[in-house]
Amino acid sequence: GITRHYKFDIGMQNVTRLCHTKSLVAVNGQLPGPTIVAREGDQLLIKVVNHVQDNITIHWHGIRQLQTGWADGPAYITQCPIQTGQSYVYNFTITGQRGTLWWHAHSSWLRSTVYGAIIILPKRFSPYPFVKPEKEVPIIFGEWFNVDTEAIVNQALATGGGPNVSDAYTFNGLPGPLYNCSAKDTFKLKVKPGKTYLLRLINAALNDELFFSIAKHSFTVVEVDAVYVKPFETDTLVIAPGQTTNVLLKTKSEFPNATFFMLARPYVTGLGTFDNSTTAGILEYELPSKSSSFLTNSMKKLQLFKPKLPILNDTSFVTNFTNSLRSLATAQFPCNVPQTVDRRFFFTIGLGTNPCPKNNTCQGPSNSTMFAASINNISFTMPTTALLQAQFSRQSNGIYTTDLPTKPLIPFNYTGTPPNNTNVSHGTKLVVLPFNTSVELILQDTSILGAESHPFHLHGFNFFVVGQGFGNYNPNKDPASFNLVDPVERNTVGVPSGGWTAIRFLADNPGVWFMHCHLEIHTTWGLKMAWAVQDGKQPNQKLPPPPSDLPKC
Ligand code: C2O
C-alpha cells in the first residue's frame, strides 16, 4: 500500500436549508465532509485541525484499527478531545478491509454535521466479486436541524426528556422537494440506460433507522459494513445509524418517459416524538449530449413515480431483510466466525430512569424521573480522561473499574411486565478480555419503558451475527439454531425491538474498545460500555505507545 495524506480543517460554516441559515461545525467547509478514498493496505495520515470553540474528535467508523487504538477517536475512550487551536494526526493502516465505511465526529452531538464517506477500494488487480459498475456513488443519509445541535443535547439532558426532533432527513446534505423551501436542494443521481451503478449507502442520521427505495427499480445488495455478502435482490432496504450498505442499481435498458423518486423515511419502534418526514432525491436518466428532438419532446410528458415504503413500524420487513444478509463464505472471502467460545456474556440493553433532581422540572416518563439507559442496569458514566491512556499506563484507579456485570444481577422477564423499580445504577465499568478471547455476546432488548430496536456498534472489531430472535433469549434452546456457517459479518447490528441478537467476535486487537447504541440520544443516556482487551505475548500483539501529538485533557 501507499501513504495517503488528508487535512481536515474543522471550522464554522454558514449553511442554508429549508430557508433557514445556521452556522454549523463542518470539515473543510463542506456538508457532508470530504470523502476519503484509499485502497486496502494503504496507510492514512489525516491531520485534524480544530478551529472552533468546541472540543472535537473524529472516529473512523468500522475501521479495524489493528494495533492503532490511539487513532480510533471516541472522546474520553481512546483519546482526550482536540481542543481549540490544536491538531492531531490520525495514523492508521487499512488491513483486510474493502468497501464503504464512514467517519464522524465522536464528541457530544457534533456528528450531526461532521461526517463523510470512506471508500476503500480493493487491492490493485483484485476485482469486485460482482459486475464492474459504470460508476460508484456515495449517498449519505443525514438529519437536518434548524436549531443548533448542541442546544438539542443540552435541552435533552437538562429536562431528562426526549430530544428535539430533526426538521428534515437528507441525501448528501440535501432535504429535497417534499420539504418546504427545499426544491432547489435536491440530490440528483444522473444515470445512463442499461448500466450498473454501485450505490454506497451510509446512514449518518443521529437517531433514526431508515427505509430507502427508488421507484420502479430494484437493488442487488452486495456488501454491508465493508464486508461482501451473498448478493440478493430487494426493492427496499433498511439501514440503521452507523451501518453502510453497497447495492448495485441496474438502470432500464432504454430512456424511460419518467422521473423516479428515491425516498427515505424512518423505521421507528419506540415511543416518543420523532421526525416522521420523508426525504426525496431524483434518479434522472441523462440524455446524450446530441439529444434528438424526439427525446426532448417525449421527455416533456414525464410521469413522476414515487416508491412505496414500508409502514413506520414494519418490523417484519426489517426481520426479513436482515435474515437475507449472509457472508459470502467462499474460498477467497471466507467467513471466519469463531467456532468455539471462551467467554459468554449476556447484556440487557434498554431504557430506564434516573430520579429527577430536587427543584428541577423533568420531562421523563413521569414528572419525578428523567430518561436513562443502561447495560445490565449500569448506565455508563463518561470519564474525564481517556480510558486507553489509563489502561496503557496501568493507572485505572479512580478512572474506571472492571466489574461490569456480565449478566443481569436480578433476572426478570425482559420483554414482559417491567420491574417496579426502573432506576438505573451508574459507573465507568469495563470488561477485561485477555488477548485472543473468543467472545459470544447476547444483546437482549428490554421493554422496561417499552421495547425498542437498538443499532449496536462495536469499535475495533467486526462481529458475526450468529442468531436473532424475539422475546426472551433461551440459553437452553436458542443456540441450537445459531448460524456458524455464513453469518453476516459487520460492525453495527439492529437488535430487534422486544428481542435479542447473538454475536461472536475474536478479541485480537489490544486496546479499549467502545460499544454503544448508535442512536445518539441512547448513547447520551448511558447505553454504552467498553472492552479492555489486553496485549498478547508477541510484539505484533501489543498496543504501541501513544503518538507524541495525542491530545491532553
Ligand atoms: Cu459510529 Cu462510536 O461510533
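Let's start in the middle of the chain: residues 136–286 are 7% helix and 48% strand, and the end C-alpha atoms of this span lie 16 Å apart. Please keep in mind that this is a predicted model. Below you will find the annotated spans, two open sheets and a look at one loop residue, K195.

**Annotated spans**

- An unreviewed UniProt entry places the feature "domain: Plastocyanin-like" at residues 10–123, 136–286 and 406–536.
- The stretch 136–286, with which we began, is therefore one of the spans that the record lists, and such annotations may be inferred rather than shown by experiment.
- Over residues 406–536, the chain is 4% helix and 44% strand. The end C-alpha atoms of that span are 23 Å apart.

**The sheet from β2 to β6**

- Four strands make up an open sheet with mixed pairing, and their order is β2-β1-β4-β6.
- Its edges are taken by β2 (20–27) and β6 (87–93), each of which pairs on one side only.
- From one strand to the next, the twist averages 25 degrees.
- Inside this order, β1 (residues 3–17) runs parallel to β4 (residues 43–50), and 8 bridges join the pair.
- If you would like a spot to look at, D9 stands opposite V49 in β4.

**The sheet from β25 to β30**

- Here 5 strands form an open sheet, ordered β25-β33-β32-β27-β30, and the pairing is again mixed.
- The edge positions belong to β25 (430–433) and β30 (492–495); each has a single partner strand, so one side of each is left without a neighbour in the sheet.
- Neighbouring strands of this sheet are turned by 20 degrees against each other on average, with direction ignored.
- The partner of β30 is β27 (residues 454–458), and the two pair in the antiparallel sense over 4 bridges.
- Along this pairing, P455 stands opposite G494 in β30.

**A closer look at K195**

- K195 is found in the loop that links β11 (188–191) to β12 (196–203).
- Is K195 buried, exposed or partly exposed? K195 counts as partly exposed because 14 other C-beta atoms lie within 10 Å, a number between the 12 or fewer of an exposed residue and the 20 or more of a buried one.
- Leaving aside neighbours within four places in sequence, K195 is in contact with E134 and T251.
- S166 is 29 residues from K195 along the chain, and the C-alpha atoms of these two residues are separated by 36 Å.

Technical notes:
Residues numbered from 1 in each chain as written. Predicted model: local features only at pLDDT ≥ 70, side-chain atom pairs only at ≥ 80, totals over all residues. Contact = placed C-beta atoms within 7 Å. Pairing = 2+ DSSP bridges. Axes fitted to C-alpha atoms, helices over the stretch in contact; angles between N-to-C directions.
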